[in-house]
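User: Please examine the model shown below and answer a series of questions on its packing.

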Amino acid sequence: MFLKRLELQGFKSFADKITLDLDGNIIAVVGPNGSGKSNITDALRWILGERDAKNLRSGRAEDLIFAGTQNKSRAGLAQATLFFDNSTGFFPVDFNEVSVSRRISRDGTTQVFLNKSEVRLKDIIDFFAKSRLGARGLTTVNQGESDIFIRSLPMERRVMIEEILGLKEFRLKKAEAERRLKNSEDNLEKAAALIEEIKPHLSFLRRQVTRYRNREAIMQSLTELEDRFYGGQVWSINRELSELEKERQEVEREISLKKEEERTSEEELIRIKNSEPAAAESLKFIKLRKDDLLAKKGELQKELGRIEARLEIGARQGGVDVVRLKEIVAEAKRLIGEALREEDFAAVRGKLESLSELFRETDERREEIPDTGEERRLIAEKIAELEKGMAELEKDEEGFSSGIRDFNEKFRQAFLTLEGKKRETEAFIQRLNRLLLNKERLEFRLQEIARELSEAGRSIGEVKEGVGSFPEEEREAVKRQILRYRQELASIGDIDQGTVKEAEETEARHEFLVSQVSDLEKSIADLKTLIKELDGQIHENFSAAFKSINEEFDKFMKIMFDGGSGRLSMEKVETGLGENGAAEADRVPGVEIDIDLPRKRIKNLEALSGGEKSLVSIAALFALISVSPPPFLVLDEIDATLDERNARRLGEMIKKFARKTQFIIVTHNRAVMEAADILYGVTMTPEGASRILSLKLSPEGQTSAKL
Ligand code: ATP
C-alpha cells in the first residue's frame, strides 16, 4: 500500500490527534453529514501542496485550525502528516518511508516538513510533481466536483490530464523557465536601458580621460624637455660658477698677495722718503750760503769794479792815486772781510783775482803807491782760506748732491715699484670685478630659470642637471616647443581626480552591464531552448498518451452509458501569437469533449443531467488512470449523483483499478462502501470535534464499529 497513514491534529474539526491507518487498497470514509469526512480529503489536498484556501473550503488559511466550540477550546495550530511507503522507491529518495507534514499557526506561519526536515512549500510541490502527484487535477476529486472534468475549461482539462500523465513536472519546469525568461528579459531591458543611459556620460568621461592621458604624455614630454633644456643650462651655469669661484679664490689670493707686496713697496718708499731730510737740508743750507755769498760777492765785485775803475782812471791820469788806492784797498779789505765772514768764496775768489791783478799792477808802481804789503798778505791768506773754504764747500756740495741723486733714484725706483704693484693689484681687482660681474650674471640667469620654472609649477631642484643640453642655435626652437606644450596643458586643464574616479567607476559599471547583457542574452537563448525542449517533451508525451486516453474514454463511456461514444479532441487554437516561450504556452491547445449518448441527441455537455455529467467525468477519469495509473486517488462523494446501478458500476471499476491505484473514497453509497477493504466512520463528538471509528462491514450489510 502506497499511503500508510494519515495523522491530523488541530486540523479543521479534528481537534484531537487522530491517526488514520490506510492499510488497504480501497478505503472508504463514511459518516453523517457534517461529521468531518471531507475535512480528511482537505487535509490530503493540503499536504499535497494546495495553496488556495478556497480549494480547501476555507476563507483564510487560519480557518484550517480547529476553531473551538462551546465545550472545547480552540487549537493553536493545525498539523497534518501523510506517511508513504517508499519501499518500491516511488519517490527518488533514500528512505523506505516518506512522511510529508504541513503545519499552520494562528499567526499565519506555515511550515512544511519532508521526513521531519523543514523544506519550502515549493520544494514539496516539486517533489510530488516529479512523482506525478499534485493537489490539482484528478488525483483528488472534491465533493461536488464529480463532474469537474466536464465543468472545466478545455485548458483546465488539459492540466488535469497532464498532471495524471506526470507532465506537471515539465509544466513546472517550463513555468519556472518562463518566469526566469521573463526575469531575464526584464533585466536585459533594464541593463540595455542603463547602458543607453550611461553611454553619453561615459563617452564624455572617456574623452576626458583621453585628454588626461594626452595631458600626461604632454606633461612627460614637457618635463623631459624642461629637464634637458633647463637642466643643461643649470648644469653649465653651475659648472661655470664653480670654475669662476675657483678663479675668484685664486684672484683674491693674488690680490691679497699683491696688496702685501704693495704694502711692502709702500713701506720701502716711506723708508726711502724718510731718509731724505738730512742731505737735502744740508744741501739747502749750502745753497742758501752759496746764494748769500754770491750776493755779497756781487756787491764786492761791484765795489772792486768801482775801485778798479778809479785806479784805471788814476793810472790814465798819470799815476796811481795812492790815496784812492788806499781807499780801494781799505774798501777791498772790508769787502773781503765781509765776504769771508759770509763765506762767499767764489765771489771772494773772483774779486781777489781782480784785486791781485790790480795789486800786481800797483806793485809794479810800488814806489808810487803806499806800501800795502801787510794788507795784501793778509788778503792773500784770507784768499787762500777762502779758496780752501770754497773748495770744501763745493766738495760738501758735491757730496750732498750725489747723495741726493742716489736718494732720488732710489725714491724714483721705489715709487715706480709701488706704482707697478698698484697697477698689478688694480689689474687683479679688475679681473675680480669682472669675475663677480660674471658671477652675478650667471646667478641672475639661474634666478631667471628658477622663475620660469616656478611659473610652470616646478622648482630648479627638480630638473635633472646635465641631462644633456641643447646647442645654442636650437634653444629658441626648444623654448617655443616648451611654451606650446604649456599652452596645450593649460587648454586641457588640471586633472580632476573625481572625474578620473568617476570614469573608472562608470567604465566598470558599463563593463558589468555589457557582460550582464551578454550573460542575459545567453541565458535567454538557453531558456528559450529549454522551454522549446520542455514543450517538445510535453507535446510528445501528451500526444502519445492522448490517443490511448481517447480509446479508453470511448470504452468507459460505452460501459457507463451502456452504449454511446465519447471522444476527447485537442482544441483548435490560433497560432503565431508570439515567438517566446510564454506566448507559446498560450498556444497550447486545451481538451474538448465530444460525446454521443445512446438514445439521445444531446451534444451540449451543459444540457446533461447531474448524474450524466458525473458519469462522463468518471469515464474520463478512468480513461486517464488506465493509461497512467496514479499510486492513489482521493474521491470525495463522486458517487453522490449516481443511482444505485451506476454506483455499483463505479464500485466495480474501483475494485478493478485498485490493483494499481490505492483509493480513498468518501461516500454515502452502500455499493461503493462494499467495494472497500477498510471502512472508517467519522462522527462528531458532543464537544464538536470529529472522531474516527474503524467499521467492519458484514456481508448482511450490518456494520460494527471498532473504537
Ligand atoms: P457531508 O457528508 O455533509 O459532506 P462531511 O462529513 O463531509 O459532511 P465536513 O465538510 O468534512 O463534513 O465537515 C464539516 C464540519 O467541520 C462542520 O461541522 C464544520 O463546522 C467543521 N469545521 C470545519 N472547519 C472547522 C474548524 N476550523 N474548526 C472546527 N470545526 C470545523
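Analyst: A contact here means heavy atoms within 4.5 Å. The model is a predicted one.

User: Which residues does Ile654 touch, not counting residues up to four places away in sequence?

Analyst: Ile654 belongs to helix H14 (residues 644–657). Its relative accessible area is 0%, so Ile654 is buried. Along the chain Ile654 and Ile26 are 628 residues apart, yet their C-alpha atoms are separated by 8.0 Å. Leaving out residues up to four places away in sequence, the residues that Ile654 touches are Ile26, Phe622, Phe663 and Ile665.

User: What percentage of the contacts with a separation of 6 or more comes from residues 24 or more positions apart?

Analyst: The protein contains 15 helices and 15 strands, and 43% of its 707 residues count as buried. Among contacts in the protein with a separation of 6 or more, the share of residues 24 or more positions apart is 74%.

User: Which helix gives the most residues to the largest nonpolar core?

Analyst: The largest nonpolar core has 60 residues, and those touching the most other members are Ile161, Phe553, Ile593, Ile595, Val616, Phe622 and Phe663. With 11 residues, the element that gives the most to this core is helix H11 (residues 497–561).

User: How many residues does the other core, the one with Val29 and Phe66 among its members, have?

Analyst: Phe553 touches residues including Ile593, Ile595 and Val616, not counting residues up to four places away in sequence; these three are also named among the residues that touch the most other members of the largest core. Another core lies apart from that one and includes Phe91 and Val682; its number of residues is 48.

User: Are the rings of Phe91 and Phe127 stacked or edge-to-face?

Analyst: A search of the whole structure gives 18 aromatic pairs. In one of them, the ring centres of Phe91 and Phe127 are 4.7 Å apart and the planes lie at 20 degrees. Planes under 30 degrees apart count as stacked, so the pair of Phe91 and Phe127 is stacked.

User: How many residues apart in sequence are the parts that Phe91 and Phe127 tie together?

Analyst: Both Phe91 and Phe127 are buried, and ring pairs link them with Phe2, Phe84, Phe90, Phe128 and Phe632 into a cluster. Phe91 lies in the loop between strand E4 (77–85) and strand E5 (97–105), whereas Phe127 lies in helix H2 (residues 121–130), so the separation in sequence of the parts they tie together is 36 residues.

User: Over which ring does the charged end of Arg228 sit?

Analyst: Arg158 lies over the face of Phe542, 4.0 Å from the ring centre. For the charged end of Arg228 the distance to the ring centre is 3.9 Å, and the ring belongs to Phe470.

User: Is Arg171 buried or exposed?

Analyst: Arg171 is found in helix H5 (residues 168–274). Not counting residues up to four places away in sequence, Arg171 touches Arg158, Glu162, Asp535, Ile538 and Val588. Buried means under 20% relative accessible area; at 18%, Arg171 therefore counts as buried.

User: Within what arc do the buried residues of H10 fall?

Analyst: Helix H10 (residues 472–492) has 21 residues and spans 31 Å from its first C-alpha to its last, close to the 30 Å expected. Its buried residues include Arg475, Val478, Ile482 and Leu489, while Glu473, Glu476, Gln487, Ala490 and Ser491 are exposed on the other side. The buried residues line one face of H10, because seen down the axis they fall within an arc of 120 degrees.

Conventions:
Residues numbered from 1 in each chain as written. Predicted model: local features only at pLDDT ≥ 70, side-chain atom pairs only at ≥ 80, totals over all residues. Heavy atoms only, no water. Phe/Tyr/Trp six-rings, centres within 6.5 Å; stacked < 30°, edge-to-face > 60°. Helix = DSSP H or I, 4+ residues; strand = E, 2+ residues; numbered from the N terminus. Buried < 20%, exposed > 50% of the residue type's maximum accessible area, 1.4 Å probe, protein only. Lys NZ or Arg CZ within 6 Å of the ring centre and 35° of its normal. Expected span 1.5 Å × (residues − 1). Arc of directions from axis to C-beta. Core = buried A, V, L, I, M, F, W, Y, C linked by side-chain atoms within 4.5 Å.
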